[in-house]
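Here is a short walk through one structure, written for someone who likes to keep the model open while reading. Take a moment to load it and turn it around.

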Amino acid sequence: MKKTLLSWLLAGGIGIALPSYAQSDYPTLQQLDQRLQQVASHGSAELTSLTKTEGGKDIWVLKVGSGKLDEKPAIAVVGGVEGYEVLSVELAVQFAEKLIADHLDALAASTFYIFPNMSPDAYGQYHAALKYERRGNAASIDHDRDGTPGGSGYTDLNGDGFITMMRIEDSMGDYILSKEDERVLVKADKSKGEAGKYLLYKESKDDDKDGEFAEDLKEGIAFNKSLTYKFPVFEPLAGDMPVTQKESRAMLDYLFDQWNIFAFVTFSPANNLSSPLKYNAGNAGKRVVTSILEKDQAINAMVSEVYKETVDQKAYHQDNQGTDGDFFQWAYFHFARLSFSTPGYWIPEFKDSTGKGKSTAEVNFLAWADSLGRSDVFVPWAEIQHPDFPGKKVEVGGIKPFVMSNPPYEKVDEIAGQHTEFILKLAAMQPKLELHNLKTESLGNGLTRITMDLFNNSPIPTHSEMGERSRWLRKIRIDIDADPKNIVSGNKIELMNSIGAYEKTSLSWIIKGGGNVTVKAGASHTGFTSQTIKL
């Protein structure tokens, strides 16, 4: 197996065995397409291209299931919401592969929608000659609104094929060298009397001569910054309005037709699985709700425990529980589904011999890497001549792109296996309606009273609390197929808002006549149950 020193370094500190792989790096878009086509060759999977991006890349969705797929509760698994998180795409694809190869039994009760890569234009930067952590698609966008789209992007000033950082010695700067590791710059704390000594920018030039650097990137809209919840107006990479891009519009149009989805698992920087969201009564009570609702927070906490029991790695200084315009929050606040998100991978927390940790993620990463032996994860600071800073000392260097967000490929199978197990455990918790305690009682004169209990045999209620408020989750419908003229008491069709976890509701009818009647109850996202009764 081919293995670089970087791969060895990043694999060493977490204790996960390295499986043998035919390839040693994340796949290209062409290789991903081939793997998806292979999954789709199985009779239980259907592969559909929802649209093509501005860059001509397919936005794929895999629908996996058996029988009446649209009448079974479903989980949507989403990867590639951020183009630089190449791991997220692999986790989604491997979930599909493992589902088909090893877990067909799960399809008896559940349907799965898998969106492997929502940012294929940005994903391609990983394999490009110039590597940087890209978020935007291939649309031509004037981010700084100066009339010239992409007028001031990144520049590879030292010619090494990576976009890192540049630091400029300047007493007007906001940054100083970290006391823990001088390779890292941190903001000066003026409250402690610290004076800045450096300006710090992404590796770039002021191409449009407006005094700004890398403010008008040669990339378009970021999928994970352009959804409707807390849309970040006038911010770069978000666009003028939410959901303006082909990929976001096509995905949402598709989702609004999939009534059976009860939960999302998104692989993204946001994380409410290692640590659940917190309920805020004030924000929950506003006209525009900006806090997870109280009952849904309890569900989040329960599912979080399942995740932590299943996935070995522990989050390091996890404080991203959603950013403006992201998909994870949209799925809950604007689509009313249970929404869970995880990066899937973290650099382990490094502590020195005294047990003391590091103050920033960058310092922690470099300390951990150093503890395993030096490797090619950092570009040493080196002086260059910069046309925009004549007479000043300018250096280029820093942590290489991708290495903090993505493990080496040979670690991915173990990570994907654990996340596949978690998603299957979540599917096993889905709402499950059952009819119990059927009783029929002859009342004379050809009348029969029917009573039964509709029971939700699940630790999750049939509807999220947000879903009870929303039009995007259908109510539970109970039908009895008796002739309406023969229904003396009770309704032919009954609608219910929700049934709680392991709770029941009692049903009753009085029917005139003989023969058989069938009661059917459920909703697309809860599944259906039915029972035939002899009068």
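In what follows, contact means heavy atoms within 4.5 Å. Please keep in mind that this is a predicted model.

**Two single residues**

Let us begin with arginine 477, which is found in strand β15 (residues 476-480). Leaving out residues up to four places away in sequence, arginine 477 touches Ile493, Glu494, Leu495, Lys520, Ala521 and Gly522. One of these partners, glutamate 494, is 17 residues apart from arginine 477 along the chain, with 5.7 Å separating the two C-alpha atoms. Because buried means under 20% relative accessible area and exposed means over 50%, arginine 477 counts as partly exposed at 39%.

Threonine 53 sits in the loop between β1 (45-52) and β2 (58-64). Is threonine 53 buried or exposed? With a relative accessible area of 3%, threonine 53 is buried. Apart from neighbours within four places in sequence, threonine 53 is in contact with Ile59, Pro120, Asp121, Lys246 and Glu247.

The table puts these two residues next to each other.

| Residue | Element | Relative accessible area |
|---|---|---|
| Threonine 53 | loop between β1 and β2 | 3%, buried |
| Arginine 477 | strand β15 | 39%, partly exposed |

**Helix α7**

Next, look at helix α7 (residues 294-310). At 1.5 Å a residue, its 17 residues should span 24 Å, and the end C-alpha atoms are 25 Å apart, which agrees. Which residues of α7 are buried? They are Asp296, Ile299, Asn300, Val303, Ser304, Val306, Tyr307 and Thr310. These residues lie on the same side of α7, because they cover an arc of only 160° around the axis. The buried residues pack against α8 (327-333), β10 (338-342), α10 and α11 (465-468). On the face of α7 turned away from the buried side, you will find the exposed residues Glu294 and Glu309.

**Where α3 meets α10**

Helix α10, one of the packing partners of α7, also has a crossing with α3. The axes of α3 (residues 86-102) and α10 (residues 412-428) come within 9 Å and cross at roughly 65°. This crossing is right-handed. From α3, the contact is made by Leu87, Glu90, Leu91, Gln94, Phe95, Lys98 and Leu99. From α10, Val412, Asp413, Ile415, Ala416, Gly417, Thr420, Ile423 and Leu424 take part. Sorted by class, the contact has nine nonpolar, three polar and three charged residues.

Note on methods: Residues are numbered from 1 along each chain as its sequence is written. This is a predicted model: local features need pLDDT of at least 70, side-chain atom pairs count only at pLDDT 80 or more; totals for chains, interfaces and linings use all residues. Side-chain values use heavy atoms; hydrogens and water are left out. Axes are lines fitted to C-alpha atoms, for helices over the stretch in contact, and angles run from 0 to 180 degrees between N-to-C directions. Helices (H or I, at least four residues) and strands (E, at least two) are DSSP runs, numbered from the N terminus. A crossing is left-handed if the near helix is turned anticlockwise from the far one by less than a right angle, and right-handed if clockwise. Ala, Val, Leu, Ile, Met, Phe, Trp, Tyr, Cys and Pro count as nonpolar, Asp, Glu, Lys and Arg as charged, and the others, Gly among them, as polar. The expected span of a helix is 1.5 Å times one less than its number of residues. Buried means under 20% relative accessible area, exposed over 50%, partly exposed in between (1.4 Å probe, protein chains only). The arc is that of the directions from the helix axis to the C-beta atoms.
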